[in-house]
Every structure is written in C-alpha cells, then in structure tokens.
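Student: I have a model open and would like to learn how to read its features one at a time. Can you take me through it?

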Amino acid sequence: MNFNIKIILSDFIKKFLSGALFSLFIRCFCNKIHKTRFVQVAHFSSENFYICASCTNFFKFTVFREKRLYKTGFRLYNSVKFSKPVVFMKKETVKKKFKKIPIIETERLRLRRMRVEDCADMFEYSKRQDVTEFLLWSPHPNKTHTKKYLEYIKTRYDDGEFYDWAIELKSESKMIGTCGFTTFDFNNNSAEVGYVINPAYRGKGYAPEALLEVMMFGFLELNLHRIEARYMDGNDASRKVMDKLGMKYEGCARSSLFVKGQYRSVNTCAILSDEFIKRYLKVE
Ligand SMILES: CC(C)(COP(=O)(O)OP(=O)(O)OC[C@H]1O[C@@H](n2cnc3c(N)ncnc32)[C@H](O)[C@@H]1OP(=O)(O)O)[C@@H](O)C(=O)NCCC(=O)NCCS
C-alpha cells in the first residue's frame, strides 16, 4: 500500500502539483482515497510535512515530505507528542535499503550514489592535505587512486554495506563532497555520521543541508534512536555543522585516537530522535 502511494504521489506531483495545491491534495488523499484520519500538517524548516494516521492501526503513521514518503515507527500519542521509535532496525533491512541507496533532493543539493564518473570531482578535493587534516584517511596521491576507490565503493554499495551519499550541487551537476552514515550500532539502534565538502564550496551551508536529510532518513526511515558525530580537536568547522543541527556536545575522549603518527583527542556530539522530532517537526 505504502509503495503504491509513493508512486502515485511522485508522478502526480511532478506533473501537476506544488505548494498549497499539494497541501490540499494530501488532505483529500488522506481523508478520501487512503481512508485515513488526517491528523496534522506539520512544518519542517520552510517545507511541509504531512502526517496521517492509518485507519487500520491508529499507532502507525505515514509521513510525507515533498516527493518522499517515510514509513515511521513513531507513535503519536496526541497531536503534538511523539514517543520513541517502536521498531528497531535490523541489519538486513538497512543493507536492503542501501543496496538501492535512495536519491534525496534538497533545495540546492542532490544526494545520490557515488559513481566512478565522479572521479575528477572527488580527486579535486581528496588530493588536498587541508581536507584530510582531521580525517582518518590521507590525501589521494593521484586520480587512479580515486578511481580505484570509487570502483571499490561500487562493490560495497552492491553488498549494501556502504552508507555514504555523494553530494551533488544541482546548479552545476558537480559532486562537491560526501555525507552519510559511517557506522551503525545495531544493538543500540544508533549510528554515526560523517561529511566532507570540497574547500571551494565551503561556508555556504552545504554540509548542514545534506546532513539534515541524512538525519531525517536515519530517524524517519531507519527508526534510529540516536545519531552521533565525532570530530578531532581543532576541527571547528565540523563542530559548527553539528551545532547547527542541534546536536549536543557530550564530551572529549582525550588522546583516544592514534592517527597519522599522533594521538588525537576526539569529541562527540549527538542528537536523540525525540530531540530531532521536537526541533524539526513543529506541529501547527
Ligand atoms: C566540516 C565541513 C564539512 C563543513 O562544510 P561546510 O559546507 O563548509 O559547512 P558550513 O557552510 O555550515 O560551514 C561550517 C563552518 O565552517 C567555517 N567556514 C566557513 N567558510 C569556510 C571556508 N571557506 N573554509 C573553511 N571553513 C569555513 C565556518 O566556521 C562555518 O561556520 P559558520 O557558518 O557559523 O560561520 C568542511 O569544512 C569540510 O569538508 N572539512 C574537512 C572534512 C572534515 O573535517 N569533515 C568532518 C569530519 S568530523
């Protein structure tokens, strides 16, 4: 049922709908076609979220956002309060989703699968010392290295074990970085995120714009309970990104990482699903 709805919505929106008309359509859709009880129209940033409760199971909810449909495990106890996710994600489910890593669009960006054709764009930044200064990997020595890396990534996607998106700048059709999940902790329903932006495109809010969508995917689609991000001492730009998305600073593991010949202190920031929902799903 949900799958069918997704198809109908995507085609319909592409051809006929936008803005207020879309809102009206969703209301009618929830009430008449889907035979559900429409609950709320909520706002996420400047864009709309639409939530409807399934008539068959009051505690099951579907969240529509633009062209995407999220199946959620969130319960709506009343019109404004969400409980914790009821469904723990399973490794197999996550693998399945990332085998066909979805394309996610933001206002300026397209998050999509990394491709071997991204080689030149990726090498442009991956060769730079200043990009990898606070990362675990070293600068790529040449384009062949980047190409081999992207070929390897293809096999990881195929196995459903790579959780990073390429960030494409829509206006230039150029890959300007990456963003996604670095690890999943399946036992505790949490994940860690990471991101890199080509220095030529920094300071324009691209990393937070991409990360917000990744977190949205994590909380709404994967039912994560917690998302964390870590940064090495001195990486102030990365910390700013975490602050912008409402991640809370949790502390520093002093000299806990030996990387590139030296001990580095690693800081952690995190956000919980409840906090994320409260921050971004402001119900009217
Ligand atoms: C961290 C990073 C992804 C931020 O990306 P971004 O798209 O520039 O993010 P923002 O535009 O929100 O800028 C974040 C902060 O970077 C700093 N910044 C701004 N312009 C910058 C520039 N031209 N060069 C370097 N840093 C800049 C600012 O402090 C900014 O915060 P502000 O907007 O409050 O002033 C990017 O700096 C990067 O790729 N760094 C190297 C890889 C890395 O460290 N990744 C994180 C691992 S934990």
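Student: In the hairpin of β8 and β9, which residue takes a positive phi?

Tutor: Keep in mind throughout that this is a predicted model. To read a hairpin, find the two strands and then look at the residues that link them. Here four residues lie between β8 and β9, and Asn-189 has the positive phi, near 60°. The hairpin of β7 and β8 also has four residues between its strands, and in that turn Ser-173 has a positive phi of about 50°.

Student: How do the strands of these hairpins pair, and how many bridges join them?

Tutor: Strands of a sheet pair through backbone hydrogen bonds, either parallel or antiparallel. In this model β8, residues 174-185, runs antiparallel to β9 and is joined to β9 by eight bridges. Strand β7, residues 164-169, is also antiparallel to β8, with six bridges between them. You can check the register residue by residue. Gly-180 faces Gly-194 in β9, and Phe-181 faces Val-193 in β9. On the β7 side, Trp-165 has Cys-179 in β8 as its bridge partner.

Student: What is the order of the strands in the open sheet, and which are at the edges?

Tutor: Read a sheet from one edge to the other, noting which strand lies beside which. This open sheet has eight strands, ordered β5-β6-β7-β8-β9-β10-β12-β11, and its pairing is mixed. The edge strands, β5 (104-105) and β11 (248-259), each pair on one side only. For the wider setting, the protein has nine helices and 13 strands.

Student: Which residues touch the most other members of the largest nonpolar core?

Tutor: In soluble globular proteins, nonpolar side chains tend to be buried together. The largest nonpolar core here has 52 residues, and those touching the most other members are Ile-167, Cys-179, Tyr-195, Ala-210, Leu-211 and Met-215. Helix α7 gives the most to this core, 11 residues. Take Leu-211 as a case: leaving aside residues up to four places away in sequence, Leu-211 touches Cys-179, Val-193, Tyr-195, Val-241 and Leu-245.

Student: Is α7 mostly covered or uncovered?

Tutor: Count the buried residues along the helix. In α7, 14 of the 16 residues are buried, so by the cut-off of 20 or more other C-beta atoms within 10 Å the helix is mostly covered. Its length can be checked too: α7 reaches 22 Å from its first C-alpha to its last, close to the 22 Å expected. After α7 comes Asn-223, with a positive phi near 60°. Over the whole protein, 33% of the 284 residues are buried.

Student: Why is Glu-133 called exposed?

Tutor: Exposure is read from a count of neighbours. Glu-133 is exposed because 12 other C-beta atoms lie within 10 Å, and the cut-off for exposed is 12 or fewer. Glu-133 sits in the loop between α5 (129-132) and α6 (143-158). Glu-133 and Met-232 are 99 residues apart in sequence, yet their C-alpha atoms are 9.5 Å apart in space.

Student: Which residues come nearest to the ligand?

Tutor: List the shell, then ask which elements supply its residues. Of the 21 residues around the ligand, Arg-202, Gly-203, Ala-207, Ala-237 and Ser-238 come nearest. The elements giving two or more residues are β9 (190-197), α7 (206-221) and α8 (236-244). The largest share, five residues, is from α8. By type, the shell has 12 nonpolar, five polar and four charged residues.

Technical notes. Residues are numbered from 1 along each chain as its sequence is written. This is a predicted model: local features need pLDDT of at least 70, side-chain atom pairs count only at pLDDT 80 or more; totals for chains, interfaces and linings use all residues. A residue is near a molecule or strand if its C-beta atom, placed from the backbone, lies within 6 Å of it. Ala, Val, Leu, Ile, Met, Phe, Trp, Tyr, Cys and Pro count as nonpolar, Asp, Glu, Lys and Arg as charged, and the others, Gly among them, as polar. A nonpolar core is a set of buried Ala, Val, Leu, Ile, Met, Phe, Trp, Tyr and Cys residues joined through C-beta atoms within 7 Å. Two residues are in contact if their C-beta atoms, placed from the backbone, lie within 7 Å. Two strands pair if DSSP finds at least two bridges between them. The expected span of a helix is 1.5 Å times one less than its number of residues.
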